[in-house]
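Hello,

Here is the structure I promised to pass on to you. Please have a look at it first, and then read my notes below.

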Amino acid sequence: MRKLENKVVFITGGLSGIGKACAIAAAKEGADIILADFKSDKVNKVIEEIEKENVKAIFVECDVSKFKQVETIIQKVIDTFGTIDIALNNAGIGGTASKVGKMTEEMWLQVVNINLNGVFNCMRHELAHMWKQKKGVIVNMSSVMGKVGFSTSSHYVAAKHGVIGLTQTAALEYATDGIRINAICPGFIDTPLLTKIGINNHADAKQRIIDLHPMKRLGKPEEIANGFIFLASDESSFISGTTLEIDGGYLSE
Ligand SMILES: NC(=O)c1ccc[n+]([C@@H]2O[C@H](COP(=O)([O-])OP(=O)(O)OC[C@H]3O[C@@H](n4cnc5c(N)ncnc54)[C@H](O)[C@@H]3O)[C@@H](O)[C@H]2O)c1
């Protein structure tokens, strides 16, 4: 028996990096997958990859920072699939590096609107539905930066700390409703996000980041997906309101 047989899994930011690896891992465990992301030329390829596992996969165009849009999309998904059993609120961006005293309002809001408000927007509508069905699992993507600071990333750090507070509070609110809510805190993972924030294309910067991890390497998206499957499945049936650090030892130094 596969761990997520016949479950409906809603994944934001599912076309790339960690979200895509989680989508493929969930499909291998028998789940149907809804990928919510910006429109992109990757859609058909990712859908094909998921469908190889003999499950259903659909793409919905979505900007998680838009409250009303998220509400409409989640309602449409429920109308089509009948339910959302598991949600992975994963969409996120790195943002532009700056010290607090030089950060513009635009730089701050861009990150907070996606990485924190986007998680709230999704949880708001997922939980309204899960509360009615009296079951569900939510996994939010935080970061090691949800636990400690990182110079020039105050927007990202604040948003990821916020995701943990939101996760813990919602876990308390829904603990007796059959709904479990947890967060994952990855260390630096080798995904296109690292290229977008200029780490992958500069050998020195990349080495400095690698050296922050006691294991002296970056993580792989599949290593985060393993944690996601654990938190999404009944194997973690007594776990709620916690954070799973998958970070090569980053937070132990
Ligand atoms: N890569 C890392 O080192 C790392 C470490 C810790 C946490 N994370 C977190 O993991 C998550 C996934 O990151 P990744 O490394 O896979 O990045 P990625 O850039 O490879 O993928 C992110 C995906 O999110 C989508 N996205 C961005 N903004 C969106 C929006 N407003 N609405 C819908 N979709 C949106 C992008 O289109 C993309 O497909 C993010 O929340 C990120 O902060 C990443």
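Before the notes, one cut-off that I lean on: a residue is called buried if 20 or more other C-beta atoms lie within 10 Å of its own, exposed if 12 or fewer, and partly exposed in between. Please also keep in mind that this is a predicted model.

With that cut-off, E222 is a good place to begin. E222 has 13 other C-beta atoms within 10 Å, and is therefore partly exposed. This residue belongs to helix α9. Along the chain, E222 and I18 are 204 residues apart, yet their C-alpha atoms are separated by 7.3 Å. M215 makes a nice companion: with 12 other C-beta atoms within 10 Å, M215 is exposed. M215 sits in the loop between α8 (203-211) and α9 (221-232). The C-alpha atom of M215 is separated by 6.7 Å from that of G249, which is 34 residues away along the chain.

Now to the sheet. There is an open sheet of 7 strands with parallel pairing, and the order is β3-β2-β1-β4-β5-β6-β7. The edges are taken by β3 (57-61) and β7 (243-246); each has a single partner strand, so one side of each is left without a neighbour in the sheet. From one strand to the next, the twist averages 20°.

Strand β5 is the one I looked at in detail. Of the 6 residues of β5 (residues 136-141), 6 are buried, so the strand is largely enclosed by the rest of the structure. Its two faces are both covered: one side has G136, I138 and N140, the other has V137, V139 and M141, and all of these are buried. Strand β4 (residues 86-89) pairs with β5 in the parallel sense over 4 bridges, and I138 in β5 is the bridge partner of A87. Strand β6 (residues 179-186) also pairs with β5 in the parallel sense, over 6 bridges. In β6, R180 is the bridge partner of V137, and N182 is the bridge partner of V139. Between β5 and β6 the chain passes through helix α6 (residues 154-173), and this β-α-β crossover is right-handed.

Next, the ligand. It is surrounded by 30 residues, of which the closest are G13, G17, G92, T191 and L193. Two or more residues of this shell come from each of α1 (17-28), α4 (105-115) and α7 (192-196). Which element gives the most to the shell around the ligand? That is α7, with 4 residues. By type, the shell residues divide into 15 nonpolar, 12 polar and 3 charged.

Finally, a closer look at α1. This helix has 12 residues and reaches 17 Å from its first C-alpha to its last, close to the 16 Å expected at 1.5 Å a residue. Since 11 of its 12 residues are buried, α1 is largely enclosed by the rest of the structure. Among the buried residues of α1 are G17, I18, G19 and K20. I18 is thus both buried in α1 and the residue whose C-alpha atom is separated by 7.3 Å from that of E222. After α1 comes G30, which has a positive phi, near 95°.

Enjoy exploring the model!

Best wishes

Definitions and conventions. Residues are numbered from 1 along each chain as its sequence is written. This is a predicted model: local features need pLDDT of at least 70, side-chain atom pairs count only at pLDDT 80 or more; totals for chains, interfaces and linings use all residues. Two strands pair if DSSP finds at least two bridges between them. A crossover is right-handed if, with the strands pointing away from the viewer, the path from the first strand over the helix to the second runs clockwise. A residue is near a molecule or strand if its C-beta atom, placed from the backbone, lies within 6 Å of it. Ala, Val, Leu, Ile, Met, Phe, Trp, Tyr, Cys and Pro count as nonpolar, Asp, Glu, Lys and Arg as charged, and the others, Gly among them, as polar. The expected span of a helix is 1.5 Å times one less than its number of residues. Axes are lines fitted to C-alpha atoms, for helices over the stretch in contact, and angles run from 0 to 180 degrees between N-to-C directions.
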